Amino acid sequence: MSGLWLDPQVAKLLAWVEKAGGPRYPDIGASAARAHYEQVAATLDVAPAAMHAVEDLQIALPGRTLRIRHYVPREHGWADPMPALLYFHGGGFTIGSVDTHDRICRMLARDGDCVVLSVDYRLAPEHPFPAAADDAFESLAWLRAEAHALGVDPARIAVGGDSAGGTLATACAIHARDLGWPLALQLLIYPGVAGRQASASHREFGRGHLLDFDVVAWFFANYIRDDADRDDWRFSPLSHPDLGGVAPAWIGIADHDPLRDDDRAYAAKLRAAGVAVDAVEYAGMIHAFFQHGGFVPTAKRAHADAAAALRRAFARP
């Protein structure tokens with residue numbers, strides 16, 4: 001274990017996980033891992049926030065149909081359109097769904113005072129790289145095209161996600177920059193931004209902190225097709241040579257997370273490119289802590305920080 005201070009509630013959680021001895025995802029395979037995660041994802045999460053409306057949309061994209069869950073926190077009219085967050089769930093590109101992240105999206109819609117559209121992008125290994133990135137890019141294009149019909153202000157659209165979903169959000173921000181599509185914010189919750197497990201934090205926290213080294217390696221192997229994919233900016237945004245002009249970022253970092261050093265490096269690279277960055281590091285936290293708001297007080301503080309970042313980004317001048 002690390003010499004850093006570990007939050008007592010997180011320490012309890014890790015002790016429970018170790019004592020329970022649950023299935024290890026690389027041992028049981030993608031299908032069983034998805035089913036297990038669906039069962040446990042909400043165990044320590046916050047209670048679901050009430051919404052004015054929640055609807056699952058089926059959107060037609062080239063050669064496929066995707067489900068997008070549409071959260072509307074309050075009644076609003078087309079004459080006064082609301083801002084929107086396009087959200088991508090975590091799960092290593094292999095597990096997770098709009099259902100596992102339903103409570104996070106409800107909280108962000110309510111507390112960020114925005115419409116949230118949560119994307120059920122295609123998962124690996126059935127759909128390897130760049131399928132999830134393609135779904136993210138085309139979902140953003142769909143949202144821009146349908147903004148007025150959805151009562152969304154096209155000038156106030158943000159992208160966001162946690163873990164692998166954060167990878168997709170960062171890639172969307174670069175893609176939007178390249179197409180001249182303005183974004184209000186990229187909301188990044190311990191995002192995956194590097195294609196290799198090479199940082200010191202991967203070694204320091206790669207065992208016994210919920211996201212083990214071999215699990216990350218399994219997620220990566222499920223998604224990428226070959227070693228060259230590791231350096232593609234759609235999988236490894238940190239590899240992109242030019243981040244100038246991308247949307248401002250709020251980055252939530254856990255200090256006991258294997259991804260910590262990669263996230264620090266990404267924040268630094270954004271700042272060096274002249275991008276406004278608010279990077280908040282949460283002491284004593286592990287990967288996935290954002291989904292532990294029903295048990296870990298710091299997770300609720302992170303929720304409030306993320307929602308405040310959305311409200312600031314969406315505030316009209």
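A strand here is a run of at least two residues that DSSP marks E, and strands are numbered from the N terminus. Phenylalanine 88 is found in one of these, strand S3. I will come back to that residue. First, the whole chain, and please keep in mind that this is a predicted model.

The chain has ten helices and eight strands. Its C-alpha trace spans about 55 × 40 × 40 Å along the principal axes. For 317 residues, a compact globule would have a radius of gyration near 20 Å, and the 18 Å of this chain agrees with that. Of the 317 residues, 60% count as buried. If we take the contacts with a separation of 6 or more, 78% of them are between residues 24 or more positions apart.

Now the sheet. In what order do the eight strands stand in the open sheet? The order is S1-S2-S4-S3-S5-S6-S7-S8, and the pairing is mixed. Strand S1, residues 53–61, and strand S8, residues 277–282, are at the edges; each has a single partner strand, so one side of each has no neighbour in the sheet. From one strand to the next, the twist averages 20°.

Take the S8 end. Strand S7, residues 249–254, runs parallel to S8, and six bridges join the two. Tryptophan 250 stands opposite aspartate 278 in S8.

Further in, S5 and S6 also pair in the parallel sense, over five bridges. Aspartate 162 has isoleucine 189, in S6, as its bridge partner. Are the residues of S6 mostly covered or uncovered? Mostly covered: five of its five residues are buried. In a regular strand, side chains alternate between the two faces of the sheet. In S6, Leu185, Leu187 and Ile189 point one way, while Gln186 and Leu188 point the other way.

Helix H6, residues 164–179, lies across three strands: S3 at 82–88, S5 at 152–162 and S6 at 185–189. The helix runs at about 140° to S5.

That brings me back to phenylalanine 88. Its relative accessible area is 0%, and the cut-off for buried is under 20%, so phenylalanine 88 is buried. What does phenylalanine 88 touch, leaving out residues up to four places away in sequence? The list includes Val119, Tyr121 and Ala136, then Gly160, Gly161 and Asp162. Also on the list are Gly165, Leu168, Ala169 and Cys172. Isoleucine 59, in contrast, is 15 Å from phenylalanine 88, C-alpha to C-alpha, with their positions 29 residues apart in sequence.

Next, charges. The count comes to 28 salt bridges. I will go through three.

The first one on my list joins the side chains of aspartate 56 and arginine 69, at 2.6 Å from N to O. Aspartate 56 is in strand S1 and arginine 69 in strand S2, residues 64–72, and the two are 13 residues apart. Aspartate 56 counts as partly exposed, at 32% relative accessibility, whereas arginine 69 is buried, at 10%. Both belong to a network of salt bridges that also links Arg67, Asp99, Asp102, Arg106 and Asp120.

Then there is arginine 74 with aspartate 113, where the closest N and O atoms are 2.8 Å apart. Arginine 74 lies in the loop between S2 and S3, and aspartate 113 in the loop between helix H4 (102–112) and strand S4 (115–120), so this pair ties together parts 39 residues apart in sequence. Arginine 74, at 35% relative accessibility, counts as partly exposed. Aspartate 113, at 31%, counts as partly exposed too.

My last example is arginine 230 with aspartate 227, at 3.4 Å from N to O. Arginine 230 counts as buried at 19% relative accessibility. Aspartate 227 counts as partly exposed at 44%.

To finish, a charged residue without a partner. Aspartate 262 is in helix H9, residues 260–272. How far from aspartate 262 is the nearest side chain of opposite charge? That side chain is arginine 203, 9.3 Å away. A salt bridge needs the nitrogen of Lys or Arg within 4 Å of the carboxyl oxygen. Aspartate 262 is buried yet has no salt bridge. Leaving out residues up to four places away in sequence, aspartate 262 touches Val193, Ala194, Ser199, His202 and Leu238.

How values were computed
Residues numbered from 1 in each chain as written. Predicted model: local features only at pLDDT ≥ 70, side-chain atom pairs only at ≥ 80, totals over all residues. Heavy atoms only, no water. Pairing = 2+ DSSP bridges. Helix = DSSP H or I, 4+ residues; strand = E, 2+ residues; numbered from the N terminus. Axes fitted to C-alpha atoms, helices over the stretch in contact; angles between N-to-C directions. Contact = heavy atoms within 4.5 Å. Buried < 20%, exposed > 50% of the residue type's maximum accessible area, 1.4 Å probe, protein only. Lys, Arg positive; Asp, Glu negative; His and termini not counted. Rg over C-alpha atoms; globule rule 2.2 N^0.38 Å.
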